[in-house]
Amino acid sequence: MLQGIISGALWFLIFLAIHVLWFHLVTVERCAKLILNILGWCFVGHLGTVLLLNSGLHPPSQIILRMCYGSLVMGCLFILYMPFYYTIATSLSVQTLICLESVSTKALSVTELRQRFASADIVGGRLKVMAANGYLTEKDGKYEVAPKGRLVAKVFGYLKEVWSLGPGG
């Protein structure tokens, strides 16, 4: 049991190292897909490690149990890590705080902030990322919600309605 837990934890640390290094050294357009691919390969590495260390030494039921324990550890760590990552990567609040702290005056007007965060470049970049990930389709410079995006919009629209968040909140 402990061997599976340790293997899962170590392979998750390998996932973290690859994720940080890859995103630091290479410009990535389809972040979520790459993150899931890296996690998938690390999951395969975990299964291979458990098989390699236990092949012929233990009954198959113990080997499967060790694989499951490590897989659960990896899954739980992934569930804890991804909200942290996406808060830093995409939160407008976090970006605003960093922006305000980095300017020499430590203060910006609403107009200056709006120019930085509501620019056509930022909106265009976000639309291109959403199209690359299959949430939108682009035709003649106009964007339309794709079936994958429609499902996401309905689910999150419902949640925003339940929580009375209103537009943008």
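The following conversation concerns a predicted model.

Q: What should be known about the model and its numbering?
A: This is a predicted model in which local features need pLDDT of at least 70 and side-chain atom pairs count only at pLDDT 80 or more, while totals for chains, interfaces and linings use all residues. Residues are numbered from 1 along each chain as its sequence is written, and side-chain values use heavy atoms, with hydrogens and water left out.

Q: Is Arg66 buried or exposed?
A: Arg66 is buried, with a relative accessible area of 14%. Buried means under 20% relative accessible area, exposed over 50%, and partly exposed in between, with a 1.4 Å probe and protein chains only.

Q: And which residues does Arg66 touch?
A: Not counting residues up to four places away in sequence, Arg66 touches Met1, Gln3, Gly4, His46, Val50, Asn54 and His58. Contact means heavy atoms within 4.5 Å.

Q: Changing topic, how many disulfides are there?
A: A search of the whole structure finds zero disulfides. A disulfide is a pair of cysteine sulfur atoms within 2.5 Å.

Q: Why is Cys42 not bonded to Cys76?
A: The closest cysteine sulfur to that of Cys42 is in Cys76, and a bond is ruled out because the distance of 17 Å is too far. Cys42 is buried, at 3% relative accessible area.

Q: What about Cys76, then: where is the nearest cysteine sulfur?
A: For Cys76, which is in no disulfide, the nearest cysteine sulfur is that of Cys68, 13 Å away. Cys76 counts as partly exposed, at 47% relative accessibility.
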